[in-house]
Structure formats: C-alpha cells, structure tokens
Amino acid sequence: MSANIVIGTQWGDEGKGKIIDLLASRADVVVRAQGGNNAGHTVASGGETYKLHLVPSGILYKDTLCLIGAGVVLDPKDLLGEFDDLSKRGISFDNLKIDPRAHITMPWHIALDGLSEKFRGNKDIGTTHRGIGPAYMDKYERSGIRFYDLVHPDIFREKAMSTGRLKNEIITKVYGGEAIDLEAVIEEYIGYGQRLKSHMADVSVLTYEADKAGKTILFEGAQATLLDIDFGTYPYVTSSHPLSAGVCIGSGVGPMMIKGVYGVAKAYTTRVGKGPFPTELFDATGDYIRDKGHEFGTITGRPRRTGWFDSVIVRHAVRVNGLSALCINKLDTLAGLDTLKVCVAYKRPDGSVIRDFPPTLEGLEGCEPVYEEFPGFSDDLSGCRRFEDLPEVCRSYIARLEELCECPVKMVGVGPSREQIIER
Ligand code: IMP
C-alpha cells in the first residue's frame, strides 16, 4: 500500500511527466487532482513522444486506472481531442474515470481569458488562454457547470443557457467582444457529454477503495508550487492549488493516505508567462540553456525564460509541500558551461539577506540573488545510470542542493527518456 504525490517545485515544466511516467509504471491508480489543459506533460516512452494535457500519464499502461478528480477544470473538447490522438496510437480509454464534480471549461471561459488578458495590457499574466482562471472563477462563485451536468442534456441545456446569456453580456458589453452562439455551443457540448458519459465515476470513492485494497496510487501534479494561487508569485500564478495539499482537496482523500511527496526541479530554473524570476539570465548563458534544454512551451510554444537554480524557491517548495524527496532533472543540460551558479539567498535593497521566499511581489522587489559558484563540467551524462557514474563535480553540485534545499535528492535526470533517471 502506497500513495505518493509528484509536485513541481518551480514555475512548471520541471520534467514532471518523465518522473510521473516512471512512477506510473509501478502504480495501479494514477490521479490528476487540479488544473486543466493548461498543463502539458511530455512523456517519452517506447520510442514515442506523448504530449498529455488532461489525461493522466498512467494511460500509457493498459491496466492502470486513471482518474480525473473533482478539483480539475475539464475542457471536454480538448480531452476528446487527446482521446482521438492517443486512440490512433492504440491506447484505450476504458480505464479513465472522471469525477462528476469536476467543472467544465466552456467557450466563454476561453473567450474571457483572452479578453481579460488583453484588457490588462502590459500587466497581463501571460496565461495559457485555456480559460482556466474564468472557469475557476465560476466554480468559486458557485455558478459553474460540472461534469455531471454535461452528461445530462436537460440539466446542461438549462445551466449553459442561463450562464451563457450572462457571459455574452459581459463579453459584448464590458469587453466589446463577439457574442458566442449559445445554441450551437450547447448542441456541440451535449455531444461531448454523450461521448464522455460512460467515464463518470466518484473519484474520491475509487481512490479510497483502491487504498484500502492495498493498491499503489500516484497523484500526478500539474503546474507547480510557484504558480499556486496562494503560495506562488501572485498574481502571476494559475487559479488552482498545485501543492501537495491541493491533491487531497482535488481528489477527495485525506492527508493520512499520502506516504511520500516527490518534488521535481530542474538543475536550473525556467518560467513561461510573466512575473518575477530572481535568477533569470538575459545573457548568452540563458540562451545556451534554452537551446540545449529545448526550453519552449509544450502548450503555447513560447520560449521559456531561463535562469540559475534558485534554492530559495525550492526550499519554499520543500516547506509548503512537505516534500520527502527531490528529483533534479536535466542535469545534462548544464554540460559545457564553465561555471555553474546556485542562488543561496536574496539580498534586499536595504542590504539585509533573506533565505525565505517573500510572500508578496513587493517583498521580492529589488531582491538580488546571492550566488555560490561551482566548477562546470563537459562530460556527456546521458549514459550515466548510477549516481556513482556522475562526475565528481556533479555529485558535489547535487550534495550542495540537498543541503541548501533541506531535502534529499532521490532522483537525477540525465536525458529525456524514462531510462535516463538515476534512482538513489
Ligand atoms: P493559466 O493557468 O493558463 O491561467 O496561466 C497562468 C500562469 O501559469 C501563466 O504564467 C502560465 O504560463 C502558467 N502555467 C499554467 N500552467 C502551466 C504549466 O503546466 N506549466 C508551466 N506554466 C504553466
């Protein structure tokens, strides 16, 4: 019996997909608990590359039960697109279940995401334009449409028509946008509901029963700690809780079920979208990391901002998630650099030095990273399979990260495939 969580410790895109895929291969049940199709997990397996948004990674294993919990905002059109794409590659969805409580992302959420971003001008958040924020707004306003509603045409029609009318008022009269054809959308989405209805099941019950039966459960994180609505760099965050605690709320299980929390970080830092990034590089080293690490967004294709490893933020992630282990990915990307730097603290404009990540943007303003330097390495790490195979400089780099972040590093990634994860 074991239930583990995999969480992102930075601003997302840490390579969670690869770690999740490895752990999913040992799991009976894989659960996605929050976020939506703003997530993009790239999984390389059996010579194929899969880009998953909403479908839990366990789908690649035919006997694994895959669950989408109540905390997810679900875009049925996108989900069915993923179904079609994966079906062509011989993958079945019979084992995928969706909680009736999960909220539905509707076309007006997507429209309002774009319109509100435009309205913010240069203060935009840089969202993925997937309607995530507006869908969660409706959920918390208690006017959302849930998966249960979607699969019941009469209920759906009534709710979608009344909400849609109001949204059209906002779209046209507040933002000057184009009204959505509600009749057409309702018909289209009723069709999606009918295609998905056989997948409806109570995820909280299924997870609880699986745990009681001694099954291995994996909760796969999406987004990351610094994108959390409360503990991230608000307002440059997503609208959900990508923390370990969010997994319990989003799937309907208690914290005592969880046996381990894995935090995934890259050996450097990246961020897409706007918002603070203390160790960001604007020089040739940043470009080198971006090119070598293929740092371009899975969802939007945007070039990712790049910078040095920041132990202040990863230590923050260790604390807010109660991490039991760290996985450091993409160490191989740093090969070829003369010197490596790690941020160990921030120096404030008044000269004081802090090690705890400030709770507000104002507290972060003017903070300069304090760096420790390490010798670089030029070895090709892609063939290393044991920790002892890594060059001494890499081993001491990892040992220092463990000290600074106050968490053991249990896995090190040296390449894109599942086999290129060194387990300790
Ligand atoms: P939203 O989640 O689309 O509202 O976007 C809010 C912020 O979170 C933007 O900066 C996005 O780029 C970022 N974001 C959302 N999901 C992910 C993810 O899975 N990986 C990385 N960044 C993400």
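**Ligand site**

I began with T238, where an N or O atom of the side chain is 2.6 Å from an oxygen atom of the ligand; I count as a polar contact a pair of N or O atoms within 3.5 Å, and within protein I also require that one can donate a hydrogen and the other accept it, with residues adjacent in sequence counted only if both atoms are side-chain atoms. I then looked up R302, which places a polar side-chain atom 3.2 Å from an oxygen atom of the ligand, and G126, where a polar backbone atom is 3.4 Å from a ligand oxygen. Taken alone the ligand exposes 470 Å², of which the protein buries 96%; these accessible areas come from the Shrake-Rupley method with a 1.4 Å probe, and for residues only the protein chains shown count as cover.

I note for all entries that this is a predicted model, in which local features need pLDDT of at least 70 and side-chain atom pairs count only at pLDDT 80 or more, while totals for chains, interfaces and linings use all residues. Residues are numbered from 1 along each chain as its sequence is written, and side-chain values use heavy atoms, with hydrogens and water left out.

I found 16 residues around the ligand, the closest being N38, G126, T128, T238 and R302, where a residue is near if one of its heavy atoms lies within 4 Å of the molecule. By class, this shell has six nonpolar, eight polar and two charged residues; Ala, Val, Leu, Ile, Met, Phe, Trp, Tyr, Cys and Pro count as nonpolar, Asp, Glu, Lys and Arg as charged, and the others, Gly among them, as polar.

**Helix 6 and K167**

I checked the length of helix 6 (residues 153-174), whose 22 residues should span 32 Å at 1.5 Å a residue, and its end C-alpha atoms, 30 Å apart, agree with that. The expected span is 1.5 Å times one less than the number of residues, and helices (H or I, at least four residues) and strands (E, at least two) are DSSP runs numbered from the N terminus. The buried residues of helix 6 are F156, A160, M161, T163, G164, K167, N168 and I171, where buried means under 20% relative accessible area, exposed over 50%, and partly exposed in between (1.4 Å probe, protein chains only). These buried residues pack against helix 3 (107-120), helix 4 (132-141), helix 5 (147-150) and helix 7 (182-196), contact being heavy atoms within 4.5 Å.

I looked more closely at K167, which is buried with a relative accessible area of 9% and, leaving out residues up to four places away in sequence, touches W108, L112 and D138. Its C-alpha atom is separated by 11 Å from that of E178, 11 residues apart along the chain. Just after helix 6, G176 takes a positive phi of about 70 degrees.

**Helices 1, 9 and 10**

In helix 1 (residues 16-24) I found nine of nine residues buried, K16, K18 and D21 among them.

S244 is found in helix 9 and counts as buried because its relative accessibility is 10%. A polar atom of its side chain lies 2.8 Å from the backbone oxygen of N321, and beyond its neighbours within four places in sequence S244 is in contact with I5, I7, V261, V320 and N321.

R290, in helix 10 (residues 284-292), also counts as buried, at 16% relative accessibility. Not counting residues up to four places away in sequence, R290 touches E295, F296, P303, R304, R305 and T306.

**Loops and backbone angles**

F231 lies in the loop between strand 9 (216-220) and helix 9 (244-251) and is partly exposed, with a relative accessible area of 42%. F231 touches T225, L243, H316 and V320, not counting residues up to four places away, and its C-alpha atom is 8.8 Å from that of L243, 12 residues apart along the chain. P235 is placed in the loop between strand 9 and helix 9, and a cis peptide bond joins Y234 to P235, with omega about 5 degrees.

Most residues other than glycine have a negative phi, and most peptide bonds are trans. I therefore noted D13, which is not a glycine yet has a positive phi of about 60 degrees, and which is partly exposed at 24% relative accessible area, in the loop between strand 1 (2-8) and helix 1. I also noted H129, with phi near 60 degrees, in the loop between helix 3 and helix 4, and partly exposed at 37%.
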